Amino acid sequence: MERKNFLRCLLFIFGAVLLLIFTVYNLPNELSNNPELLECTTNSPWCISKNRILGKKPNFLHQPTTTLGHDHTADVPHHPLDPLTIQEMNKVHKVIKSLYKDTVYSVHSLVLEEPDKEVVLKWKKGDDLPPRKASVIARASGKSYIFTVDIETGEVVQQDTSQFSGYPYVTLEDMQAVVWAPFSRSDFNRSIIARGVDPKNAACLPFSSGWFGEAEEGRRIVKLECFNTEGTANFYMRPIEGIIVIVDLDTNEVLEIVDKGKHIPIPKAAGTDYRLSAENSPVFKLPNPVSMEQPNGPNFVIENEHLVKWANWEFHLKPDPRAGVMISRARVRDSETGKMRNVMYKGFSSELFVPYMDPEEAWYFKTYMDAGEYGFGLQSLALDPLNDCPRNAQYMDAIFAAADGTPYVRSNMICLFERYSGDAAWRHTESPIVGEEIREARPKVSLVARMVASLANYDYVIDWEFQADGLIHVKVSLTGIVIVKGTSYVNMNQVNGEELYGTLLSENIIGVVHDHYVNFYLDMDIDGIDNSFVNVHLQREYTNGKSPRKSYMKVNKEVAKTEKEAQIKLSLYNPSEFHVVNPNKKTKVGNPVGYKVVPAGTAASLLDPEDPPQKRSAFTNNQIWVTQYNKSEQWSGGLFAYQSHGEDTLQVWSDRDRPIENRDIVLWYTLGFHHVPCQEDFPMMPTVSAGFDLKPVNFFERNPVLRVAPYVEKELPVCKAAASA
């Protein structure tokens with residue numbers, strides 16, 4: 001009798017387990033009967049969920065794309081700074097496989113090990129290229145490795161990584177592998193079902209965890225936030241609030257599930273889908289489209305894939321998996337002498353910092369360093385012709401390395417185009433005082449190099465714009481989707497003094513206050529490598545009764561001797577200009593030649609300097625920095641930014657207080673945005689932009705565009721609409 005009861009109990013338990021498994025995973029019968037569902041191959045959240053349930057590998061994040069009409073297999077380098085070719089990467093891949101033949105490894109970075117600066121500066125077209133080397137960052141057996149590979153000989157030189165507290169940026173494969181991890185836990189599945197979410201409609205995204213103390217040491221972790229994808233492509237507007245799944249990136253083990261928001265409803269899908277096909281309201285469309293047309297072709301050329309020549313400018317342009325775009329060897333032709341003159345050896349976006357201002361458990365860690373944690377360039381997809389870039393644009397592909405070290409092509413990552421919007425390069429009208437009316441104007445045409453990085457919800461547009469007057473304008477544009485927090489509130493009249501940490505954008509949706517900072521590395525070489533940084537301080541001076549005027553503004557120039565003297569916090573009521581000059585070369589009238597940085601986008605971080613996120617992103621402590629050139633100091637948040645402690649940052653380097661007067665120096669500028677979300681940001685944020693200028697100051701003897709030809713009607717092309725052509 002006891003044996004029969006025991007067997008009955010065992011059978012009951014077994015049946016209950018089967019029922020639980022069925023309920024948890026909620027596998028609909030049509031999965032086994034409907035071949036369309038079984039053959040889900042797109043990147044939609046629906047297919048991701050189906051593939052996850054069926055045990056297929058997720059295909060969630062940006063996948064390597066194939067080039068369209070351009071075969072890169074035969075590419076060869078022509079310039080010392082040209083990126084690695086497919087053939088070169090394949091050689092390095094063989095070396096990596098031989099190093100780790102008995103070990104599971106992942107490649108986190110495989111890029112050109114650039115030759116020393118003096119070697120590049122001495123090289124001239126027609127010279128043999130310096131030895132080509134690859135810089136590799138890899139992980140194996142829970143450790144990070146940095147080494148260089150001589151592409152010709154296969155020789156490997158390894159570097160010490162013991163000084164770094166953090167990890168390399170995560171690979172796309174890392175992120176793809178963890179999106180299924182939450183669904184392996186029955187408690188997670190039960191929780192989302194209890195909230196009314198069908199597991200097949202749930203998608204979880206991996207977010208970097210930051211670093212907040214010793215409890216997070218020893219593991220490379222990621223925190224996943226989950227969303228309900230049902231009814232909209234804009235699943236970011238449907239957060240499953242309060243669930244955070246902490247996963248070990250090396251093992252895909254779920255370490256902890258935080259589940260504290262069961263009382264918070266999931267926002268509705270209605271009105272959140274931003275796709276044109278999903279929008280039911282009338283479409284706003286100009287009856288006569290506006291387009292920049294160049295039927296006779298562009299005025300720029302791209303020699304050997306990467307050397308750009310336009311008007312009086314010449315520079316090397318290449319994609320980079322971490323920085324996105326790198327501008328090198330920027331030189332401008334002097335209109336008086338006809339000679340090419342050095343302006344900037346290298347410029348790129350070094351690091352980003354995006355801290356969200358919500359200290360609660362599901363939000364406090366959201367303090368992203370997008371370049372050092374994800375790779376700014378790795379998150380750049382193919383640009384959309386006509387909408388991302390005008391019709392007159394040309395495109396440049398990127399060749400990156402997958403986690404196993406094999407190369408792939410990211411097509412159309414950068415676009416290059418000329419811009420004319422009707423602005424004047426200069427103009428003047430003079431009345432007939434001199435006996436005749438004078439009216440002179442010149443068109444302002446510029447050249448733009450653009451990339452767009454899609455970092456989960458946000459899209460960043462980076463423009464490097466070159467003008468014929470010698471000015472370089474660097475612009476950052478933010479758009480995409482504001483990451484939101486679920487709430488029980490549907491109207492502000494329900495809020496009784498509670499801190500929302502943001503703005504109620506729609507029913508059950510809070511847009512959390514946050515900042516965006518983009519730090520730029522600018523190795524200025526004004527007519528040579530030895531430059532100085534000058535603070536041109538503008539201050540009030542009194543006349544002391546010597547004039548009817550009581551006061552005026554006086555210029556006081558101070559040359560920074562050391563790095564700490566060049567740590568600049570901008571102040572509206574303590575203004576300065578900031579010049580990089582070559583004290584060894586002067587104009588005919590005796591002024592040192594130079595360029596100045598013209599600040600804009602000047603938001604400053606309000607976080608405490610000892611707050612862990614601020615220590616890690618200490619480059620936001622100042623808007624302007626100047627450091628002594630050091631080839632190893634390029635990434636302002638540190639080489640290994642993921643879970644770093646802040647011991648390898650621009651602040652640390654600058655605090656060494658090295659001499660910078662008449663030295664090879666690097667200028668750093670941090671562009672900042674405060675973002676208090678508003679209802680106009682829902683469900684898709686209109687583009688917000690800010691930029692800064694690198695402007696000639698006593699660099700030329702006179703206005704370099706004085707002799708630019710004006711437009712004449714008969715010289716301009718006549719364009720016809722396609723329908724009437």
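Two strands count as paired if DSSP finds at least two bridges between them. Helices (H or I, at least four residues) and strands (E, at least two) are DSSP runs, numbered from the N terminus. The model is predicted: local features need pLDDT of at least 70 and side-chain atom pairs count only at pLDDT 80 or more, while totals for chains, interfaces and linings use all residues. Residues are numbered from 1 along each chain as its sequence is written, and side-chain values use heavy atoms, with hydrogens and water left out.

**Exercise 1.** Work out the strand order of the open sheet of four strands, and what packs on this sheet.

*Solution.*
- Start with β1 and β2 (residues 133-140): they run antiparallel and are joined by seven bridges. Within this pair, Leu-112 stands opposite Ala-134 in β2.
- Extend to the whole sheet: the order is β1-β2-β3-β4, with antiparallel pairing.
- Look at the edges: β1 (105-112) and β4 (156-159) each have a single partner strand, so one side of each is left without a neighbour in the sheet.
- Check the twist: neighbouring strands are turned by 25° against each other on average, direction ignored. Axes here are lines fitted to C-alpha atoms, for helices over the stretch in contact, and angles run from 0 to 180 degrees between N-to-C directions.
- Add the helix: α5 (residues 86-99) packs on the sheet and touches β1, β2, β3 (143-150) and β4, contact meaning heavy atoms within 4.5 Å. The direction of α5 makes about 145° with that of β1.

**Exercise 2.** Which strands are the edges of the open sheet ordered β20-β22-β21?

*Solution.*
- Read the order: this open sheet has three strands with antiparallel pairing.
- Find the strands that pair on one side only: they are β20 (484-486) and β21 (502-506).
- Note the angle: neighbouring strands of this sheet are turned by 40° against each other on average, direction ignored.
- Zoom in on one pair: four bridges join β21 to β22 (residues 509-512), and the bridge partner of Thr-503 is Gly-511 in β22.

**Exercise 3.** How much of the protein is buried, and what are its overall totals?

*Solution.*
- Count the elements: there are eleven helices and 30 strands.
- Apply the burial cut-off: 52% of the 725 residues count as buried, that is, under 20% relative accessible area with a 1.4 Å probe, protein chains only.
- Consider the contacts: among those with a separation of 6 or more, 68% come from residues 24 or more positions apart.

Note on methods
Buried means under 20% relative accessible area, exposed over 50%, partly exposed in between (1.4 Å probe, protein chains only).
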